[in-house]
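Visitor: I am new to this structure, and I would like to understand the reasons behind the words that are used for it. Could you take me through them step by step?

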Amino acid sequence: MASTIDYPNELSTVLFVGRCNWNCGFCYNTNLVAEKDIDFDKDILPKLLKRKKFINKVVVSGGEISCYYNEA
């Protein structure tokens, strides 16, 4: 998704991430709540590199950071 709202006068790509346990009534990304982990190098980076001539910024939105942890 592209946006000019997050950075006025700049074109940005918006990445919506999932994995959230809050279940907020106002959430507009409920379809992402149960999303599994995303492999950034495989799933996201190639798409960003294809758009690098057109976008100036990347916005990461959504998700609950405490849902992510490193299982050692």
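Guide: What follows is a set of questions about a predicted model, each answered by setting a value beside the rule that applies.

Visitor: How do you know how far to trust the prediction?

Guide: The predictor gives each residue a confidence, pLDDT, on a scale from 0 to 100, and the protein averages 79, with 85% of the residues scoring at least 70. Confidence is lowest in E1, at a mean of 78, and highest in H1, at 87.

Visitor: What makes up the secondary structure of the protein?

Guide: The protein has one helix and three strands, and reading along the sequence gives the pattern β-β-α-β. The strands form an open sheet in the order E1-E2-E3, and the pairing is mixed. Strand E1 (2-3) and strand E3 (57-61) are the edge strands, since each of them pairs on one side only.

Visitor: Why is the pairing called mixed?

Guide: Strands of a sheet can pair in either a parallel or an antiparallel way, through backbone hydrogen bonds. Here E1 and strand E2 (residues 12-16) run antiparallel and are joined by two bridges, whereas E2 and E3 run parallel and are joined by five bridges. At least two bridges are needed for two strands to count as paired, and E1 with E2 has two, while E2 with E3 has five, so both pairs qualify.

Visitor: Which residues stand opposite each other in these pairs?

Guide: Between E1 and E2, Ala2 has Thr13 as its bridge partner, and Ser3 stands opposite Ser12. Thr13 also stands opposite Val58 in E3.

Visitor: Why does Ser3 count as buried or exposed?

Guide: Ser3, which is found in strand E1, has a relative accessibility of 10%, and because buried means under 20%, Ser3 counts as buried. Leaving aside residues up to four places away in sequence, Ser3 touches Glu10, Leu11, Ser12 and Val14.

Visitor: What makes the pair of Ser3 and Asp6 a polar contact?

Guide: The side chains of Ser3 and Asp6 are joined at 3.1 Å, and the cut-off for a pair of N or O atoms is 3.5 Å, so the pair falls within the limit and is called a polar contact.

Visitor: What makes E2 mostly covered?

Guide: Four of the five residues of E2 are buried. For the protein as a whole, 19% of the 72 residues count as buried, and the accessible surface comes to about 6100 Å², of which 55% belongs to carbon and sulfur atoms.

Visitor: Why are Asn9 and Phe54 called exposed?

Guide: Exposed means over 50% relative accessible area. Asn9, in the loop between E1 and E2, has a relative accessibility of 83% and therefore counts as exposed. Phe54, in the loop between helix H1 (40-50) and E3, has a relative accessible area of 59%, so Phe54 is exposed as well. Asn9 also has a phi near 70°, a positive value in a residue other than glycine.

Visitor: How do you know that Cys24 and Cys27 do not form a disulfide?

Guide: A disulfide is a covalent bond between the sulfur atoms of two cysteines. The sulfur of Cys27 has its closest cysteine sulfur in Cys24, at 6.6 Å, and because the rule asks for sulfur atoms within 2.5 Å, that distance is too far for a bond. The count by this rule is zero disulfides.

Visitor: And what makes these two cysteines partly exposed?

Guide: Partly exposed covers the range between 20% and 50%. Cys24 has 29% relative accessibility and Cys27 has a relative accessible area of 32%, so both count as partly exposed.

Visitor: How do you know that contacts link residues far apart along the sequence?

Guide: Among the contacts in the protein with a separation of 6 or more, 58% are between residues 24 or more positions apart. As a separate distance, the C-alpha atoms of Phe54 and Glu10, 44 residues apart along the chain, are separated by 9.7 Å.

Technical notes:
Residues numbered from 1 in each chain as written. Predicted model: local features only at pLDDT ≥ 70, side-chain atom pairs only at ≥ 80, totals over all residues. Heavy atoms only, no water. Buried < 20%, exposed > 50% of the residue type's maximum accessible area, 1.4 Å probe, protein only. Contact = heavy atoms within 4.5 Å. Areas by Shrake-Rupley, 256 points an atom, 1.4 Å probe, with all protein chains shown as cover. Polar contact = N/O pair within 3.5 Å; in protein donor to acceptor, adjacent residues only side chain to side chain.
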